[in-house]
Amino acid sequence: LVGKDILRFHAVIWPAMLMAAGLPLPRKIFAHGWLLVAGEKMSKTALTGISPDQAVDHVGPDALRYYLMRAIQFGQDGSFSWEHLSAVYSAELANGLGNLVARVTAMVGRYAQGRLPAPTGDRADPSGPAEQTIARAMAAATEQADAAVEQLRLHDALEAIWELVRAVNGYLTEQEPWALAKDPGARGRLDTVLYTAADALRCLAVLLAPVTPQASGTLWSAIGGLAGLGPLDTQRVGQAGQAGLLPPGVEVTKPEALFPRLDDPAETVEPRAR
């Protein structure tokens with residue numbers, strides 16, 4: 001894994017030296033691009049560099065890592081800007097994933113006394129078309145993200161995962177669990193919706209753990225994953241997309257905001273304190 005400006009040495013000169021010494025050659029060389037600011041390569045001399053600490057102070061380490069992998073195609077040059085960082089943070093992390101986690105965990109607390117309800121029917125066989133759609137979305141996100149990571153297409157992996165985020169948000173909008181909670185006869189349906197959404201969060205926690213380890217760890221504990229399935233780092237990516245793995249009855253708690261909204265999303269000069 002090398003910078004593109006030193007590819008000639010690592011792809012031509014160094015392999016020739018290894019061959020001359022009778023040593024094994026690298027099987028693959030991947031050259032990454034440059035991180036640009038205002039269209040120019042970062043430079044200490046030109047004062048165009050961005051301090052990682054400053055960016056971490058602004059949005060946190062998880063969000064910075066996510067942004068660099070999401071917004072920049074790995075292997076190509078990418079342009080960094082405070083405005084774009086804040087926009088991606090607000091739209092995808094705070095309003096997308098963060099809001100989804102807050103909604104699901106709060107509704108389990110409000111409508112199921114903080115215990116994950118069992119869905120109607122067989123957990124491994126979702127009971128309705130809407131649940132089957134989410135099950136397929138979980139499987140697709142897992143398969144596509146795993147395949148993309150194998151090819152170092154990290155931005156494609158995150159796009160596949162975000163399709164699941166959108167699907168679950170859409171599922172809640174369509175199923176309206178807040179309306180089901182007002183109908184005593186819809187108790188079974190409400191339980192199924194809450195379980196399906198929480199189980200999808202389980203899948204998201206596993207898939208996002210390499211990119212947002214702190215937020216994923218918090219999410220894992222909030223949905224009862226630690227108590228029901230063990231530590232997050234013992235979960236297998238290949239099984240993450242299987243529906244119905246989160247045990248009913250685990251305690252679900254609403255966590256602190258995974259990605260607090262920025263005081264000023266357009267802020268570009270003074271970073272927020274940690």
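**Stop 1: F80 and its ring partner**

Start by selecting F80, which is buried at 5% relative accessibility. You are looking at a predicted model, so keep in mind that what you see here was not determined by experiment.

Now add Y67 to the selection. Y67 is buried as well, with a relative accessible area of 1%. A search of the whole structure turns up six aromatic pairs, and Y67 with F80 is an edge-to-face pair, with 5.8 Å from centre to centre and 85° between the planes. Colour the chain by secondary structure to see what this pair links: Y67 sits in helix α3 (residues 61–71) and F80 in strand β5, 13 residues apart. If you are wondering which numbers to look for at a ring pair, a pair of aromatic rings is described by the distance of the centres and the angle of the planes.

Before leaving, select W82 too. Y67, F80 and W82 make up one aromatic cluster.

**Stop 2: the sheet around β5**

Stay with strand β5 and show the cartoon. Which order do the strands of this open sheet follow? The order is β4-β3-β5, three strands with mixed pairing. β4 (40–41) and β5 (78–80) are the edge strands, each with a single partner strand, so one side of each has no neighbour in the sheet.

Next, select residues 35–37, which are strand β3. Strand β3 pairs with β5 in the parallel sense, over three bridges. To find one residue match across the two strands, click on L36: its bridge partner in β5 is S79.

**Stop 3: Y89 and F259**

For another aromatic pair, select Y89 and F259. Their ring centres are 6.1 Å apart and their planes stand at 85°, so this pair is edge-to-face. Follow the chain from one residue to the other: Y89 lies in helix α4 (residues 82–111) and F259 in the segment after α11 (237–240), so the pair ties together parts that are 170 residues apart in sequence.

Are these two residues buried or exposed? Y89 counts as buried, at 2% relative accessibility, and F259 is buried too, with a relative accessible area of 5%.

**Stop 4: E92, in helix α4**

Keep F259 on the screen and add E92, which has its place in helix α4. What separates the C-alpha atoms of E92 and F259? Draw a distance line between them and you should find 9.8 Å, although the two residues are 167 residues apart along the chain.

E92 counts as buried, because its relative accessibility is 18% and the cut-off for buried is under 20%. Now show what surrounds E92. Leaving aside neighbours within four places in sequence, E92 is in contact with Y66, R70, L97 and W162.

**Stop 5: helix α1**

Move to residues 7–20, which form helix α1. This helix has 14 residues and reaches 19 Å from its first C-alpha to its last, close to the 20 Å expected at 1.5 Å a residue. Look along the helix for W14: α1 bends there by about 30°, and a proline, P15, follows within four residues. After α1 comes G22, whose phi is positive, near 70°.

**Stop 6: charges over rings**

Select K4 and W34. The charged end of K4 sits over the ring of W34, 4.5 Å from the ring centre. Then jump to R110 and Y111, where R110 lies over the face of Y111 at 5.6 Å from the ring centre.

**Stop 7: two loop residues**

Now find Q113, in the loop between α4 and α5 (129–150). Q113 is not a glycine, yet it has a positive phi of about 55°. Q113 counts as exposed, at 66% relative accessibility.

Continue to L152, in the loop between α5 and α6 (154–175). L152 also has a positive phi, about 60°, although it is not a glycine. At 29% relative accessibility, L152 counts as partly exposed.

**Last stop: zoom out**

Clear your selections and show the whole chain. How many helices and strands does the protein chain have? There are 11 helices and five strands. The C-alpha atoms fill a box of roughly 75 × 50 × 30 Å along the principal axes. Of the chain's 274 residues, 44% count as buried. Among contacts between residues at least 6 apart in sequence, 75% join residues at least 24 apart.

Terms used:
Residues are numbered from 1 along each chain as its sequence is written. This is a predicted model: local features need pLDDT of at least 70, side-chain atom pairs count only at pLDDT 80 or more; totals for chains, interfaces and linings use all residues. Side-chain values use heavy atoms; hydrogens and water are left out. Two strands pair if DSSP finds at least two bridges between them. Rings of Phe, Tyr and Trp (its six-membered ring) pair if their centres lie within 6.5 Å; planes under 30 degrees apart count as stacked, over 60 as edge-to-face and the rest as tilted. Buried means under 20% relative accessible area, exposed over 50%, partly exposed in between (1.4 Å probe, protein chains only). A charge sits over a ring if NZ of Lys or CZ of Arg is within 6 Å of the ring centre and within 35 degrees of the ring normal. The expected span of a helix is 1.5 Å times one less than its number of residues. The bend at a residue is the angle between axes fitted to the seven residues ending there and the seven starting there. Contact means heavy atoms within 4.5 Å.
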